[in-house]
Amino acid sequence: LAIEKALGGPLSGMRALVTSGPTHEPIDPVRFIANRSSGKQGHAIAGACARLGADVTLVSGPSVEADPAGVATVHVETARDMLEACIGALPVDVAICAAAVSDWRPETAHGQKLKKDKAATASPADLSLVENPDILATLAARENDRPRLVIGFAAETDDVVAYARAKLTAKGCDWILANDVSPETGTFGGDHNKIHLLTGGAGGEVDIEEWPHASKLDVAARLAERIAQALGAAA
Ligand code: CTP
């Protein structure tokens, strides 16, 4: 890796920020809200960008994936911690938000373990949820240090491209990688991904490219190459 950087890969001199994995939103000291994200795709992207010579910060929620070689990895638990770590990593040339950030968190993270109320009339603990910050939209809306390229994922189970198109506009990002996460595809936790890359937005035409079903490592390598092309062309 050090040799690649020294040789000047197509992303050398560029800074990249990648988010990966799920977030854990505490209910009490022993319970949390989470999701099925493994972190495999985000970690693979961070590694692929580093292999092309980028200076990469990976902000990862709890994941069993190993920290990728040659990448500065910051470990976080909650969406709010993830946002803070991302802001702390700016400025970067490209931000890739692959994390499955929990949309909501419990309004109160109790300091002690919640106990069952043994009374016959008792109802379950009340779980009021509040919305988490949107990290992708926040990075895309930064005034003075917006990354030149802001890339998000759209995890959908149906109408994949239509929803992704709407997400490109709603989040203000430049590219969206739409992936089908229906249970039968085995995407969540699996080693493969089926991607549609949407580029454009901001009032212009949206270009849709269908990528073949591929391993998450191949998707990462292809994305890193595309990023290098885009940043190189804009430099
Ligand atoms: N994302 C984020 N912060 C959030 C929620 C999502 O950065 N609080 C990012 C994800 O990393 C991904 C993109 O936004 O790049 C889309 O996430 P997704 O969960 O598919 O979309 P949502 O905005 O949550 O919309 P919905 O759940 O309605 O599909």
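This note goes through the ligand site, the pockets and two backbone features of a predicted model.

1. Residues around the ligand. The shell around the ligand holds 14 residues. Those that come nearest are Cys97, Ala99, Phe153, Lys167 and Lys171. By class, the shell divides into 9 nonpolar, 1 polar and 4 charged residues.

2. Polar contacts of the ligand. Two of the nearest residues, Cys97 and Ala99, also meet the ligand through their backbones. A polar backbone atom of Cys97 lies 2.7 Å from a ligand oxygen, and a polar backbone atom of Ala99 lies 2.6 Å from an oxygen atom of the ligand. At Ile135 the ligand atom is a nitrogen, 3.0 Å from a polar atom of the backbone. As for cover, the ligand on its own has 570 Å² of accessible area, and the protein covers 76% of this.

3. Where the ligand sits. The ligand takes up the space of the largest pocket. Three elements each give two or more residues to the shell around it: the helix α4 (135–140), the strand β9 (149–156) and the helix α5 (160–171). Of these, β9 supplies the largest share of the shell, with 4 residues. Ile135, whose backbone is in polar contact with the ligand, is the residue at which α4 begins.

4. The largest pocket. Its volume is about 880 Å³. It is lined by 41 residues, and the closest to its centre are Ala99, Ala100, Val101, Phe153 and Ala155. Ala99 and Phe153 are also among the residues that come nearest to the ligand. Elements that give two or more residues to the lining are β1 (15–20), α2 (40–51), α4, β9 and α5. The most comes from β9, with 4 residues. The lining has 16 nonpolar, 16 polar and 9 charged residues.

5. The second largest pocket. This pocket holds about 180 Å³ of space. Its lining includes Ile27 and Arg31, the run from Leu114 through Lys115 and Lys116 to Asp117, and a further group with Ala122, Ser123, Pro124, Ala125 and Leu127. By class, the lining is made up of 6 nonpolar, 1 polar and 4 charged residues.

6. A cis peptide bond. The bond from Leu90 to Pro91 is cis, and its omega is near 0°. Pro91 belongs to the loop that runs between α3 (79–89) and β6 (94–97). Cys97, whose backbone is in polar contact with the ligand, is the residue at which β6 ends.

7. A positive phi. Asp159 is not a glycine, yet it has a positive phi of about 45°. Asp159 lies in the loop between β9 and α5. Both of these elements give two or more residues to the shell around the ligand, and both do so for the lining of the largest pocket.

How values were computed. Residues numbered from 1 in each chain as written. Predicted model: local features only at pLDDT ≥ 70, side-chain atom pairs only at ≥ 80, totals over all residues. Heavy atoms only, no water. Near = heavy atom within 4 Å. Polar contact = N/O pair within 3.5 Å; in protein donor to acceptor, adjacent residues only side chain to side chain. Areas by Shrake-Rupley, 256 points an atom, 1.4 Å probe, with all protein chains shown as cover. 1 Å grid on protein atoms, 1.4 Å probe; cavity = no way out; pocket = protein on both sides within 12 Å on 5 of 7 lines; lining within 4 Å. Sits in = over half its atoms within 2 Å of the grid points. Nonpolar A, V, L, I, M, F, W, Y, C, P; charged D, E, K, R; others polar. Points joined across faces, edges and corners; volume = space filled by probe spheres on them.
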